[in-house]
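Welcome to a short guided tour of the inside of a protein model. Open your viewer, get ready to select residues, and follow along stop by stop.

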Amino acid sequence: MNNIFPKNVNFSYEVFPPQDISNNFKLVEKINALRYKPNFISVTYGAGGSNRDKTMDLVRRIHQDTDIDVAAHLTCVGSSISDTMSLVDYYLKIGVNKILALRGDSPNNISKQYEGHPRGFQKTGELIKAIKKLSDIQVYTAGYPEKHPDSVDLRSDIENLKDKINSGSNDIITQYFFDNNLFYTYRELLTVNKIEANLIPGIIPITNFQKIREFSIKCGASIPKTFEVIFDDHFSNLDNEEQLEIVLSIIADQAKDLIANGINNLHIYSLNQISLMDQIINKLNIDNVK
Ligand code: FAD
């Protein structure tokens, strides 16, 4: 087992609770089998605030049954302040020390205009403040290099981000992106706006191009034109090994470039493909990254 990555690069992985809660156990087994242990694993919260029990169960299992830190995602959507905070209480009680605080999206339709619960937190900054008032744990927040789809422009997105940082978050995990220049521009924008929080790029392996393309439209992440060529009909005719090699090369090249440009924390949206994470790290061959 190895939890120290060469070159002081820290990785974190996002997982989501399986549909069937009994599969949480299997997911934890896979996490324990990882050769390279990430710094922490984050567990998503069901869209629209659904599947609360599945998230709670998986967070607890990772916390109790592995030696890896866990960050619980928590959204404000569809929940009163007291319901949301009872979940925070639960996490604190079992010893979880990281929460990714989010606004979330309105149920059943990611592109529907967001409506806060009448007795709920109306913005993410309020949730962050309430968590930090209870305990000085690490509160992560989300950032959007290509701006959040609800935002009129990047400027107002940055103002919202400032509010989240001023409310007590010191770590930003970004939405995934494929063009690193978008991330570098975003990083500069944060510097210009004196946002000094730790900026952690989120990257995703393209294990299913069609699904990633569909989701990217909803969450405002652009897909490079070159991907349309790489993942055309020719790709589906390749055997599994050849396909895997392409997927690994794309994400490893992206990560190497980020590391070469001063990034030492990387968040990978694992899509629950846990063993793929070790393959990515192997492919990175970080000792050779200049
Ligand atoms: P915020 O940053 O608080 O707001 C999003 C945007 O809306 C802002 O940029 C701002 O421009 C606009 N806005 C917010 N409040 C106002 C206001 N009062 N007036 C005007 N404009 C406003 N979703 C889940 O359901 N579960 C998850 O586990 C989950 N994990 C995620 C993890 C990461 C790393 C990321 C990047 C996203 C995740 N999401 C998750 C998706 C997220 O919930 C959505 O992107 C959601 O639409 C925004 O949440 P947020 O916390 O980023 O919102």
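Rings of Phe, Tyr and Trp (its six-membered ring) count as a pair if their centres lie within 6.5 Å. Keep that cut-off in mind for the rings ahead, and remember that this is a predicted model.

**Stop 1: the aromatic cluster.** Select Y176, F178, F209, F227, F231, F235 and Y269, which form one aromatic cluster. Across the whole structure there are 10 aromatic pairs.

**Stop 2: one pair up close.** Now keep just F178 and F227 on screen. Their rings meet edge-to-face, with 5.3 Å from centre to centre and 70 degrees between the planes. Where in the chain do F178 and F227 sit? F178 is in the loop between β6 (171-176) and α6 (180-192), while F227 belongs to helix α8 (residues 225-230), so the pair links parts of the chain 49 residues apart.

Are these two rings buried or exposed? F178 counts as buried because its relative accessibility is 9%, under the 20% cut-off. F227 is buried too, with a relative accessible area of 7%.

**Stop 3: the nonpolar cores.** In soluble globular proteins, nonpolar side chains tend to be buried together. Here, the largest nonpolar core has 66 residues, and I62 and L266 have the most contacts inside it. Select L266 and look around: among the residues it touches farther along the sequence are V9, F11, I200, I203 and L258. Apart from this core lies another, of 24 residues, including I173, F178, I206 and I212. You have already met F178 in the aromatic cluster.

**Stop 4: a charge over a ring.** Finally, select R103 and Y114. R103 lies over the face of Y114, at 4.2 Å from the ring centre.

Methods: Residues are numbered from 1 along each chain as its sequence is written. This is a predicted model: local features need pLDDT of at least 70, side-chain atom pairs count only at pLDDT 80 or more; totals for chains, interfaces and linings use all residues. Side-chain values use heavy atoms; hydrogens and water are left out. A nonpolar core is a set of buried Ala, Val, Leu, Ile, Met, Phe, Trp, Tyr and Cys residues joined through side-chain atoms within 4.5 Å. Buried means under 20% relative accessible area, exposed over 50%, partly exposed in between (1.4 Å probe, protein chains only). Contact means heavy atoms within 4.5 Å. Rings of Phe, Tyr and Trp (its six-membered ring) pair if their centres lie within 6.5 Å; planes under 30 degrees apart count as stacked, over 60 as edge-to-face and the rest as tilted. Helices (H or I, at least four residues) and strands (E, at least two) are DSSP runs, numbered from the N terminus. A charge sits over a ring if NZ of Lys or CZ of Arg is within 6 Å of the ring centre and within 35 degrees of the ring normal. Lists of a residue's contacts leave out its neighbours within four places in sequence.
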